[in-house]
Amino acid sequence: MSLPGASELFGGAAPKQTRPEKRTTTDGPSTVRSSTTVVDDRKSSGRIRHDTKITVYVTEEELLGLEQTRLALRAEHGLTADRGRIVREAIDVLLADFVDHGPDSVLVRRLKASE
């Protein structure tokens with residue numbers, strides 16, 4: 001006695017598993033400078049497939065703070081964001097502040113304070 005195979009049970013071969021289609025965006029960073037003001041229309045890349053990776057080491061306290069922020073965003077604001085998205089948004093905000101305020105930016109002040 002032989003048992004039917006998967007193709008007989010399910011009416012054909014199983015669908016081929018493919019990776020999600022790679023998305024691209026035209027919303028890359030761009031800065032427009034005039035003689036009196038700096039307009040930064042940059043925004044974080046959001047939920048797209050990212051091709052470049054960096055490794056960042058954080059303390060347990062920093063990781064816990066990041067996770068608590070993620071949960072608070074969901075519980076208090078109805079926003080779902082993974083840790084990577086939160087980090088990309090934070091980077092974008094910090095870089096925009098640096099472009100806008102240069103030597104008076106949060107980044108410069110914090111780096112000077114940690115020397």
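The legends below describe close-up views of a predicted model of one protein chain.

**View 1. The whole chain, with its 4 helices and 2 strands.**
Followed along the sequence, the elements of this predicted model come in the order α-β-β-α-α-α. The chain has 115 residues, and 10% of them count as buried. About 10,300 Å² of the chain is exposed, and 55% of this area is supplied by carbon and sulfur atoms. Among the contacts in the chain with a separation of 6 or more, 41% are accounted for by residues 24 or more positions apart.

**View 2. A nonpolar surface patch that includes Val-58.**
Four residues, Ile-54, Val-56, Val-58 and Leu-63, make this nonpolar patch, which covers about 380 Å² of the surface. Val-58 itself is placed in the loop that runs between strand S2 (38-40) and helix H2 (60-77). Is Val-58 buried or exposed, or does it fall in between? Its relative accessibility is 48%, and because the class called exposed begins over 50% while buried means under 20%, Val-58 counts as partly exposed.

**View 3. Helix H2 and the glycine that follows it.**
Helix H2 is made of 18 residues, and the distance from its first C-alpha to its last is 25 Å, which is close to the 26 Å expected at 1.5 Å a residue. After H2 comes Gly-78, a residue whose phi is positive, with a value near 65°.

**View 4. A salt bridge between Glu-67 and Arg-70 in helix H2.**
In the salt bridge that Glu-67 forms with Arg-70, the closest N and O atoms are 2.4 Å apart. Both residues belong to helix H2, where a step of 3 residues, about one turn of the helix, lies between them. Glu-67 is partly exposed at 21% relative accessibility, and Arg-70 is also partly exposed, with a relative accessible area of 21%. These values belong to the partly exposed class because buried is reserved for residues under 20% relative accessible area.

**View 5. A salt bridge between Arg-85 and Glu-89 in helix H3.**
The side chains of Arg-85 and Glu-89 meet in a salt bridge, with 3.3 Å from N to O. How many residues apart are Arg-85 and Glu-89 in helix H3? They are 4 residues apart, so about one helical turn separates them. Arg-85 has a relative accessible area of 26% and is therefore partly exposed, while Glu-89, at 29% relative accessibility, likewise counts as partly exposed. Elsewhere in the model, salt bridges that share partners join Glu-67, Arg-70 and Arg-83 into one network.

**View 6. A salt bridge between Asp-51 and Arg-49.**
Among the 4 salt bridges that the structure holds is one in which the side chains of Asp-51 and Arg-49 meet, at 4.0 Å from N to O. What are the exposure classes of the two partners, Asp-51 and Arg-49? Asp-51 counts as exposed because its relative accessibility is 54%, which is over the 50% that the class requires. Arg-49, by contrast, is partly exposed, with a relative accessible area of 37%.

**View 7. Ser-105 in the loop between helices H3 and H4.**
Ser-105 is placed in the loop that links helix H3 (83-101) with helix H4. Its relative accessible area is 0%, so Ser-105 is buried. Which backbone atoms does the side chain of Ser-105 reach? The side chain of Ser-105 reaches the backbone oxygen of Gly-102 at 2.8 Å, and it also reaches the backbone nitrogen of Val-108, at 3.3 Å. When neighbours within four places in sequence are left aside, Ser-105 is in contact with Asp-97 and Phe-98.

**View 8. Ser-114 in the segment after helix H4.**
Ser-114 is found in the segment that comes after helix H4 (106-113). The side chain of Ser-114 reaches the backbone oxygen of Leu-111 at a distance of 3.0 Å. Ser-114 has a relative accessible area of 58% and is therefore exposed, whereas Ser-105, the serine of the preceding view, is buried at 0%.

Notes: Residues numbered from 1 in each chain as written. Predicted model: local features only at pLDDT ≥ 70, side-chain atom pairs only at ≥ 80, totals over all residues. Heavy atoms only, no water. Patch = residues over 30% accessible without salt bridge, like charges linked within 9 Å, V, L, I, M, F, W, Y side chains within 5 Å. Areas by Shrake-Rupley, 256 points an atom, 1.4 Å probe, with all protein chains shown as cover. Buried < 20%, exposed > 50% of the residue type's maximum accessible area, 1.4 Å probe, protein only. Contact = heavy atoms within 4.5 Å. Polar contact = N/O pair within 3.5 Å; in protein donor to acceptor, adjacent residues only side chain to side chain. Expected span 1.5 Å × (residues − 1).
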